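Dear colleague,

I am handing over the structure below, together with notes on what was found in it. Please read the notes with the coordinates open beside them.

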Amino acid sequence: MGKLHSLILTVRLQGFAGVLRAVRTNIRSCNIMVLLRKEYDPADVQKVTVEEGFVMRRATREDIPAIAQSWPEEFKPKWHTESELWRTLNHHFDSDWPCFVTVHRDSRIYGAMWCRPWTYDSALAPAERGRSCYEISSLFTIPEARGKSMAARLILYAMEQLAHDGMKTAYSRIQPDRTPSLRTHEKIGFQRIGILTDGRIFGRFYCSLKRETQAAPV
Ligand SMILES: CC(C)(COP(=O)(O)OP(=O)(O)OC[C@H]1O[C@@H](n2cnc3c(N)ncnc32)[C@H](O)[C@@H]1OP(=O)(O)O)[C@@H](O)C(=O)NCCC(=O)NCCS
């Protein structure tokens, strides 16, 4: 994406405040995340179950109002206004990032997640690059439904759906203090690869991976 296109997109999504944030981020920013990976396993299909009264399905743009209504507090500092959230959700759909939701029969969305393009190949070993893969993003379950494996089952459902399109590898980058999310991933077979650090210094993107000792490149 060109710099001009990126600037226009920022203005469209986040307005002037977003441009100021983007300038600050470009001058100096640093994200430190736990990187996890899971290969698609056809045997997981048996774990793709759903509680009575719910369905899991791919979301469409028509689901945006319900997704925005369920959007968790934990993500809110990222979106400074309700309209920013709506524009950003619209942008996810404009970008064709597959979105999956768990919906109750009363139409309320209990959980959601996106599968976005994976952009950190440069931090991986050469043999690991270029796979048909994606990154799990913005995974959430509404607070009153947590701890019932809803998020775990939604991830497995999404992996099952995308495997039909040839996507076999899922990555997740998780803040080290997000224990429930780490647990959700690890209990369904995601393995920690290491700590992925990325950011920008005066506009230049960098990323590096510090592997956990037992996680040798495959
Ligand atoms: C992370 C999140 C999606 C998990 O949703 P969920 O439907 O509760 O997930 P699951 O029930 O599949 O798994 C949660 C696991 O974390 C465990 N857990 C929850 N809080 C925990 C804590 N403070 N410490 C340790 N484990 C914890 C649960 O016990 C459960 O594990 P178990 O099944 O072995 O008991 C949900 O907590 C959430 O929406 N959080 C806010 C948004 C967020 O942080 N998203 C992740 C972005 S990377």
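To begin with the strands, G194 has R211 as its bridge partner in strand 8. Please keep in mind that this is a predicted model, in which local features need pLDDT of at least 70 and side-chain atom pairs count only at pLDDT 80 or more, while totals for chains, interfaces and linings use all residues. Residues are numbered from 1 along each chain as its sequence is written. Helices (H or I, at least four residues) and strands (E, at least two) are DSSP runs, numbered from the N terminus, and two strands are said to pair if DSSP finds at least two bridges between them.

Strand pairing

The bridge at G194 belongs with the pairing of strand 7 and strand 8 (residues 204–211), which is antiparallel and extends over eight bridges. These two strands form a hairpin with two residues between them, and F202 in the turn has a positive phi of about 45 degrees. Strand 7 is also joined to strand 1 by ten bridges, again in the antiparallel sense, and here R37 has Q191 of strand 7 as its bridge partner. Strand 1 in turn runs antiparallel to strand 6, with six bridges joining them, and V34 stands opposite I174 in strand 6.

Strand 3 pairs with strand 2 in the antiparallel sense over five bridges, F54 having H104 in strand 3 as its partner. Strand 3 also pairs with strand 4, antiparallel and over five bridges, and V103 is matched there with I109 of strand 4. Strand 3 and strand 4 form a hairpin with four residues between them, and S107 in its turn has a positive phi of about 80 degrees. Five of the six residues of strand 3 are buried, so this strand is largely enclosed by the rest of the structure. A residue counts as buried if 20 or more other C-beta atoms lie within 10 Å of its own, as exposed if 12 or fewer do, and as partly exposed in between, with C-beta atoms placed from the backbone.

Helix 4 and the core

Helix 4 (residues 150–163) has 14 residues, which at 1.5 Å a residue should span 20 Å, and its end C-alpha atoms are indeed 20 Å apart; the expected span is 1.5 Å times one less than the number of residues. Eleven of the 14 residues of helix 4 are buried, so that the helix is mostly covered. The buried residues of helix 4 pack against strand 2 (54–58), strand 3 (99–104), strand 4 (109–117), strand 5 (133–141), strand 6 (169–174) and helix 5 (179–187). As one example of such contacts (C-beta atoms, placed from the backbone, within 7 Å), A158 touches F100, M113 and C115, leaving aside its neighbours within four places in sequence.

The largest nonpolar core, a core being a set of buried Ala, Val, Leu, Ile, Met, Phe, Trp, Tyr and Cys residues joined through C-beta atoms within 7 Å, has 43 residues, and those with the most contacts inside it are F100, V101, A112, M113, L154, I155 and A158. Helix 4 gives the most to this core, with ten residues.

The ligand shell

Of the 20 residues around the ligand (C-beta atom, placed from the backbone, within 6 Å of it), T141, R146, A151, A152 and R183 come nearest. Strand 5, helix 4 and helix 5 each supply at least two residues of this shell, and the largest share, six residues, comes from helix 5. The shell divides into eight nonpolar, six polar and six charged residues, where Ala, Val, Leu, Ile, Met, Phe, Trp, Tyr, Cys and Pro count as nonpolar, Asp, Glu, Lys and Arg as charged, and the others, Gly among them, as polar.

Backbone points to check

Most residues other than glycine have a negative phi. D96, although not a glycine, has a positive phi of about 65 degrees; D96 is found in the loop between helix 3 (82–94) and strand 3 and counts as exposed, because it has 9 C-beta neighbours inside 10 Å. S149, also a residue other than glycine, has a positive phi near 65 degrees. S149 lies in the loop between strand 5 and helix 4 and is partly exposed, with 16 other C-beta atoms within 10 Å.

With best regards

Definitions and conventions. Two residues are in contact if their C-beta atoms, placed from the backbone, lie within 7 Å.
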